Every structure is written in structure tokens, then in C-alpha cells.
Amino acid sequence: MADEETTVQSRLDALRASYGAHIPGKVAAIKSSFDAVFRGETLDMEAFGALRHLTHQLSGSAATFGYPVLGKSAREIERLCNSTPDGETLDSESVLNLHRNIEKHIVAIERDGTAPLEGKDRETEITPVFAAAPENRKRIFVLTDSEEFSSRTRHELAAFGFEVTITLDMDVLIRALDGDDFDVFIIDSDFSGDEHPGIAAVERARERAQSRSRTLPPIVLSTDRSDLHARIKAVRAGIEVYLSRPLDFSVLVDVLDRYTDSQDVEPYRILVLDDEVSLARYSELILQGAGMICRALSNPMDFLEAVEDFSPELILMDLYMPGIDGEELATALRQNESFAGIPIVFLSGEADLDKQLMALKQGGDDFLTKPVTPEYLISSVKIRVQRFRRLRMLMARDSMTGLYNHTTTKQLLQTEVSRAERDRSTLVLASLDIDHFKRVNDTYGHGVGDNVIKSLSRLLRQRLRGVDIIGRMGGEEFAVIMPDTLGIHAKGVFEDIRNSFSSIEHHAREGNFSVTISCGIAEFPKRAGAAALSDAADRALYAAKHNGRDQVVLD
């Protein structure tokens, strides 16, 4: 991570130095265009357009790179240019006033605008915010005096990859709360009248932690009371999760997943379009420094092709560009239903709220006014992409498990097969099915059956890679797409998953029970094409069922 920070920071420093080196030439071009505008008896509108464009670029970028006086003066010149519509004939007094006002700002640029601000006085520090790599930590501390809870917790949580430490000693809990060895604490104990020793221990530990500027890990309380008074006591102690008995272990595992899930999250994909090359590159580097995949464009005519090729999750776009503006590009993009949901954030020096609102009406989702600090840029992009992913998930995911639904899984299989064909790589498709699932529903009820399905989906998410695609095809049937994988390697993975799933005890009023799964695996390019691969995986699954179930068959 340190090398990555140094590399990105050095690129940002080089970009800033390059920007500064080009300022004298840009100022000279502004002065030359200004002289050309007022050289004749009437305004030279071609030179006037060039002056407007030059100052527009500087008004948006100068403050970002530490030249606020230059940016402010350029913005005022741009405003004066925009207040004079193209083709309008001005009388001599108006021309004289326009000349005087623009010249005033050019003098300010030549006098104070070409020197950058340094140190703490600089308006915008170029300091990227680097994303920390997730730690694969699932260490759980449990306090309980119940042998049944202790045994079941150790057994159930181990099946889902958690490391469990269990004690019945309150002093051991207190020492653990003061350390950094655990990711989540579970306190399983009852109230004594109106007091609860576990809550009291947490309160004292939180006071000690605050005095040392520490934050306690998440704490789960499992207890005998469910009334509001007891819950309020837990809330005031800072306990995040309150579970009343009888405890549903599937709910507990969901809670622990929420707090410990460190499966690699696919980086956000951001497309940046800005005709000012230095600003496009600046945004690209800042977002890359935050762990995002970013592509920068400076030619708006390459925009639609880049969207199709890059598949961005957010577009960061300048509002005003030569020959075309962001509003027009946004409208053109929204005409394609495939891209209608991609968030568009306009990044511009435009401060007129009415114009900002008009841009949003044309298809934009947000508006950021230049200059934007790195921290604000990163936060704004993250918020929008997270919302986009949530909405996309609602459309593409199974509501009960959060896995891809049948339609989306089929589409992704076609996409992955096409990619494997281009890259001449391998690909595995696995079809899974819960054995005798109808018997589970008939014996224990559909609610318990749903918990069994959730348990398998959770286990698949935990044991498979972030690049693997997991789908629920309907009922108790699942599919997994594994890029760059050989069939024999996938067989070993699913054998481990099969063994782990069969060891999980599921809870019902009628008693605890366990179930098994069968799996069929097919490999590309042995089976060419999505349809052939899917048929081969289904045949292998049928063979696993026919041969007695609870097994993995490789086609």
C-alpha cells in the first residue's frame, strides 16, 4: 500500500508541476485572444469564442491545482463573455465597458495569478485518500454459561468459517473487551432483576475505550428478556444487536456476516469526461488512489463508445465542452435504455443554480462545483455508486438470498463464456441442488426451508471468490460461474462446501436436522458455448442425484 500511495502521489505531484509549467503559455493565449477581440471597430467573435473557452478551462482547473487568483479572475472573464451573446452587436460604450472590465481581470492574472499558493494556505491540497485492503478477520468472542449454547455456537459458527473463543468467566470478557483480538463479541446471559452483568461490563469497557480514543468492536447480546426497558439499557451501553431467546442461529450468522464480511468488493468503475486534460487526469488519479477503476476522456466524441466498452457505474462529466455540452451527452446517453440508470455527476465551474437545475433535468443526477477537494470528490462518488449498486441489486438479485436471480445469472454466463472465448481461458459452471428439499418443507414448514436456502447461499458467498458469480436459479437450485478455473480444482472447492453444509444443524420446533447437497460441474472449453455448458452441468447434477445424492460429479 505504501508503494501505491507513493506512486499515485508522485503522479499527482508531476501533474501539478506540469500544470504550473503551462500557465504562462495559457495566460499569453488569453492576452492574445483579448487583444484580437478588440482589435477592430467591432468585436472579433471568433477570438471572443476562443477567449471564452480558454477562461472556462482555467476557471475550472486553476484552484484545483493551487492557483485560486487565476481561477477566480478567469471565472469573471468567462462570466463577462457569457453575458455577451454571440452575434449581438454592442454600441461603442458597451464595448468600452466590456474591454475595461476584462482588462482589469487580465491585469490581476498577470500580477498575482501565476504564483501558486503553498503549504496550509493552498486552497486545495492534492492528497488522495487510499482505500485500505480488507482484512479477512472473523474472530468471535462468546461469553455464556450455557453448555448447549456453547456447543452449538462453536459447531455452527465453525461451519461458516468463524474462529470462536468461548468463556463463562466475566473477568476474561472484561480483559478481551480492552484488547484488539476479536471482531465481534457475543454475550449470552440473563438479567438478574433489573441488572445485567454483561451490560454493566460493556458500559465500563466503553468508558475505558473512550478515554483512550478507542472504539469497541460490535457487541451482540443474547438474553431472556425482550421488553423495551431491557432493550433501552442495552442501547445506552452501546450494544449494537439485541437478540431475545429462543435464538435463531441463522439470524445470528447473518449478523456476524454483516460485521465481518471481508470478501473482496469489486472496485467502483468511474468514467471521467473533461475537455481539460489535466483536470480529467487529476480526477482519475484521485479516484484511483481511493481504490477505484477509473478511465479519463478528454474528447467528448469518444464518450458513447467508452461507455459501451468500459461499463462504468458512474460518469463524472464536465458541463461545458467545445462543440458539445454535458447536457446533450447526458440526453443522448439516456436514449439508450441499457445506460438509462448509470448515474451522471456534472463537475463544472458553473455556479448558476438555475443552470445547474437545467442540467439535472436533462439527465444528470448530481452537480459538483469546481474546485472540489479530493475527500469530497471521493465521498460523493462513493455515495452515488453505492446507491446505484443497491438499485441494480434489487433488479438483478433474488430477494431472499441476495444472490443473482435466474435471468441475470443466464445473462452473466453468456458474458463470461464470450470473455473466455476471447481470452482463450477456462471457465467452470456448477449446478447445485439441496437434496430432499421438499421433505424439509413438508416436515418443518416453508419458513424453516427458507432458512436452509439462506444457509447454503451464505456458505457459498463465504467460500467462493469475489470474482465467482453465484445465482439462485429457483427453489433449491443454485448455479456458480467460476472464471479462469479448471474443473478438477472446482470439484475440490465444492467437495469442501458439500462437507461443510452437511455438518450444519438447522433448527425447527420439531428438533434439529441437517441436509445435504448434490453438485454437477462442467468446464469450458470442453463444452463450448453457454447452452452446451449449462446442459453438461445439469447432466452431471442429475448423475449425482441418480448415484445417491450428497456428492459432486465432474462432467
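1. In this predicted model, one aromatic cluster is formed by Tyr19, Phe65, Tyr67 and Tyr282. The number of aromatic pairs comes to 8 when ring centres within 6.5 Å are taken as the criterion.

2. Two members of the cluster, Tyr19 and Tyr67, have ring centres 6.1 Å apart; their planes stand at 45 degrees, so the pair is classed as tilted. Distant parts of the chain are linked by this pair, with the two positions 48 residues apart: Tyr19 belongs to helix 1 (residues 2–37), whereas Tyr67 sits in the loop between helix 2 (45–61) and helix 3 (68–82). Both Tyr19 and Tyr67 are buried.

3. Tyr444 and Phe513 provide a stacked example, because their planes are at 5 degrees and their ring centres lie 4.1 Å apart. This pair also links distant parts of the chain, 69 residues apart: Tyr444 is in helix 16 (residues 437–444), and Phe513 is in the loop between helix 18 (487–502) and strand 16 (517–524).

4. The two rings of that stacked pair fall into separate burial classes, for which the cut-off for buried is under 20% relative accessible area. Phe513, at 9% relative accessibility, is therefore buried, while Tyr444, at 21%, counts as partly exposed.

5. On the surface, a patch of negative charge gathers Asp194, Glu195, Glu203 and Glu207. Within this patch, Glu203 is placed in helix 7 (residues 197–211). Its relative accessible area is 35%, so Glu203 is partly exposed.

Methods: Residues numbered from 1 in each chain as written. Predicted model: local features only at pLDDT ≥ 70, side-chain atom pairs only at ≥ 80, totals over all residues. Heavy atoms only, no water. Patch = residues over 30% accessible without salt bridge, like charges linked within 9 Å, V, L, I, M, F, W, Y side chains within 5 Å. Areas by Shrake-Rupley, 256 points an atom, 1.4 Å probe, with all protein chains shown as cover. Salt bridge = Lys/Arg side-chain N within 4 Å of Asp/Glu carboxyl O. Lys, Arg positive; Asp, Glu negative; His and termini not counted. Charge placed at Lys NZ, Arg CZ, Asp CG, Glu CD. Helix = DSSP H or I, 4+ residues; strand = E, 2+ residues; numbered from the N terminus. Buried < 20%, exposed > 50% of the residue type's maximum accessible area, 1.4 Å probe, protein only. Phe/Tyr/Trp six-rings, centres within 6.5 Å; stacked < 30°, edge-to-face > 60°.
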